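The exercises below are to be worked through with the sequence and the structure in view. Each task is followed by a solution in steps.

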Amino acid sequence: MQAAVGEMQLQVMSLRREADDVLSLRLADPCGARLPAFTPGAHIALRLGEGLVRQYSLCNGPDEDGTYLIAVKREARSRGGSAAVHRLAQGDVVAATLPVNAFAVDWSAPHLVLLAGGIGITPLLSMALHAMQRGHSFELHYFARSSAHAAFHDLLADAPMAPHVVFHFAIEPEAVSSVLKDLLSSRRAGAHLYVCGPVPFMDEARKIAAGCTNLSAVHWEYFTPPAPAEEARASSAVCTVRLARSGKTLEVPANKSILQVLIENGVTIDSSCMEGLCGLCATRVLEGEPDHRDEVLTDNDRQYGKLMTVCVSRAREGVLVLDL
Ligand code: FES
């Protein structure tokens with residue numbers, strides 16, 4: 001995980017309908033400056049007004065013109081984020097965080113298996129475009145209801161991308177598991193799997209991949225929290241945090257996150273998703289044992305970086321001393 005610092009303004013340069021209910025937006029610096037570089041798998045968070053902050057993967061390939069491309073599906077059960085993006089018009093300016101990459105590609109893998117469910121195509125499109133430019137071995141499997149529901153269908157179905165792409169349209173939900181089993185168990189030895197899509201799709205793919213000895217690593221990115229995180233939050237207990245720099249000790253009640261309590265006590269800390277997904281609130285732990293409940297930190301971040309996401313994670317027991 002990389003920490004992001006600072007924010008920027010982005011102007012909507014163009015909008016394009018990519019599939020049923022999916023809109024892509026080309027975003028640029030309002031003054032024409034080149035936007036900060038990023039690596040495939042990165043996302044930005046847009047501030048959409050009235051406290052709405054939402055993360056969107058960058059879909060760009062390499063060698064683009066210093067702009068960002070995102071694609072957003074209008075969700076019927078949206079909490080407002082996707083509808084707000086679909087209301088944006090050419091010329092509108094929105095605040096955004098700098099790119100963060102919690103889903104980076106390990107280019108040491110001999111082969112990449114990119115597995116997209118629906119709008120989960122967005123980070124994987126960027127990975128596929130970069131892999132193609134590097135001449136890296138990869139394949140992209142795209143599960144969608146139909147070609148009309150598949151964002152970027154024309155780009156993916158045409159040369160030079162087409163030979164790397166397999167579309168899986170209109171697979172009945174009960175058949176997805178066996179298709180994934182056949183697909184993942186027969187991939188090249190040593191391959192790394194990257195999966196992004198709806199939570200049930202990702203959970204199933206991860207479960208199957210865990211039993212595939214031919215895959216040497218599985219990488220994933222959630223944009224909505226999976227069920228266990230919700231359950232974990234429901235079982236939160238009171239905990240105590242001590243801030244090493246100020247010497248303050250704060251009690252965190254069961255119905256509040258550490259982040260909420262920090263903000264209430266005047267501590268400035270980057271945050272966005274509030275769901276353990278974006279990594280912006282990652283904070284170093286100097287003492288104590290966190291109960292990690294996020295979906296963004298790697299084992300390395302937790303074990304060696306001593307990081308925890310204070311928006312969802314809590315203390316396993318005792319007091320947590322934070323580097324704040
Ligand atoms: S605010 Fe996104 S992980 Fe904490």
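## Exercise 1: Helix α2

In α2 of this predicted model, the buried residues are Ile121, Thr122, Pro123, Leu124, Leu125, Ser126, Met127, Ala128, Leu129, His130 and Ala131.

Task. Determine how much of α2 is covered, and which elements its buried residues pack against.

Solution.
1. Helix α2 comprises residues 121–134, 14 residues in total. From the first C-alpha to the last, α2 reaches 20 Å, close to the 20 Å expected at 1.5 Å a residue.
2. Of these 14 residues, 11 are buried, and α2 is accordingly described as mostly covered.
3. The packing partners of the buried residues are β4, β5, β7, β8 and β10.
4. After the helix comes Gly135, with a positive phi near 70°.

## Exercise 2: Helix α5

Task. Establish which residues of α5 are buried and how they are arranged around the axis.

Solution.
1. Helix α5 covers residues 199–210; at 1.5 Å a residue its 12 residues should span 16 Å, and the end C-alpha atoms are indeed 16 Å apart.
2. Phe201, Met202, Ala205, Ile208 and Ala209 are the buried residues to consider in α5. They lie on the same side of α5 because they cover an arc of only 135° around the axis.
3. The spacing follows a general rule: an α-helix has 3.6 residues a turn, so residues three or four places apart point the same way.
4. On the face of α5 turned away from the buried side are the exposed residues Lys207 and Ala210.
5. The cover over the buried residues of α5 includes β7 (112–117), β8 (138–144), α4, β10 (191–196) and β11 (215–220).

## Exercise 3: The surroundings of Tyr194

Task. Decide whether Tyr194 is buried or exposed, and list the residues that it touches.

Solution.
1. Tyr194 is located in strand β10.
2. The number of other C-beta atoms within 10 Å of Tyr194 is 28. The threshold for a buried residue is 20 or more, so Tyr194 is buried.
3. Leaving aside residues up to four places away in sequence, Tyr194 touches Leu112, Leu114, Leu115, Leu124, Met127 and His219. Two of these names, Leu124 and Met127, also appear among the buried residues of α2.
4. Thr309 is 115 residues from Tyr194 along the chain, and the two C-alpha atoms are separated by 23 Å.

## Exercise 4: Backbone features in loops

Task. For Asp63, Lys306 and Pro160, state the backbone feature and the place of each residue.

Solution.
1. Asp63 has a positive phi, near 55°, and is a residue other than glycine. Asp63 is placed in the loop between β4 (53–57) and β5. With 8 other C-beta atoms within 10 Å, Asp63 is exposed.
2. Lys306, likewise not a glycine, has a positive phi of about 55°. Its loop runs between α8 (299–303) and β15 (307–309). Lys306 has 14 C-beta neighbours inside 10 Å and therefore counts as partly exposed.
3. Pro160 follows a cis peptide bond from Ala159, with omega near 5°. Pro160 belongs to the loop between α3 (153–157) and β9 (165–169).

## Exercise 5: Domains and the whole chain

Task. Describe the contact between domain 1 and domain 2, then the overall dimensions of the chain.

Solution.
1. The domain assignment gives domain 1 (7–97), domain 2 (112–220) and domain 3 (228–322). The C-alpha centres of domain 1 and domain 2 are 23 Å apart.
2. In the contact between them, 14 residues of domain 1 meet 15 residues of domain 2. On the domain 1 side, β1 (7–19) and β5 (68–73) each supply at least two residues. That side consists of seven nonpolar, four polar and three charged residues.
3. The chain contains eight helices and 16 strands. Its radius of gyration is 20 Å, close to the 20 Å from the globule rule for 324 residues, so the chain is as compact as a globular protein of that length.
4. Along the principal axes, the C-alpha atoms fill a box of roughly 60 × 50 × 35 Å.
5. Of the 324 residues, 41% count as buried. Among contacts with a separation of 6 or more, 69% join residues 24 or more positions apart.

How values were computed
Residues are numbered from 1 along each chain as its sequence is written. This is a predicted model: local features need pLDDT of at least 70, side-chain atom pairs count only at pLDDT 80 or more; totals for chains, interfaces and linings use all residues. Domain bounds come from an automatic or database domain assignment. Two residues are in contact if their C-beta atoms, placed from the backbone, lie within 7 Å. Helices (H or I, at least four residues) and strands (E, at least two) are DSSP runs, numbered from the N terminus. Ala, Val, Leu, Ile, Met, Phe, Trp, Tyr, Cys and Pro count as nonpolar, Asp, Glu, Lys and Arg as charged, and the others, Gly among them, as polar. A residue is buried if 20 or more other C-beta atoms lie within 10 Å of its own, exposed if 12 or fewer, and partly exposed in between; C-beta atoms are placed from the backbone. The expected span of a helix is 1.5 Å times one less than its number of residues. The arc is that of the directions from the helix axis to the C-beta atoms. The radius of gyration is taken over C-alpha atoms; the globule rule is 2.2 Å times the number of residues to the power 0.38.
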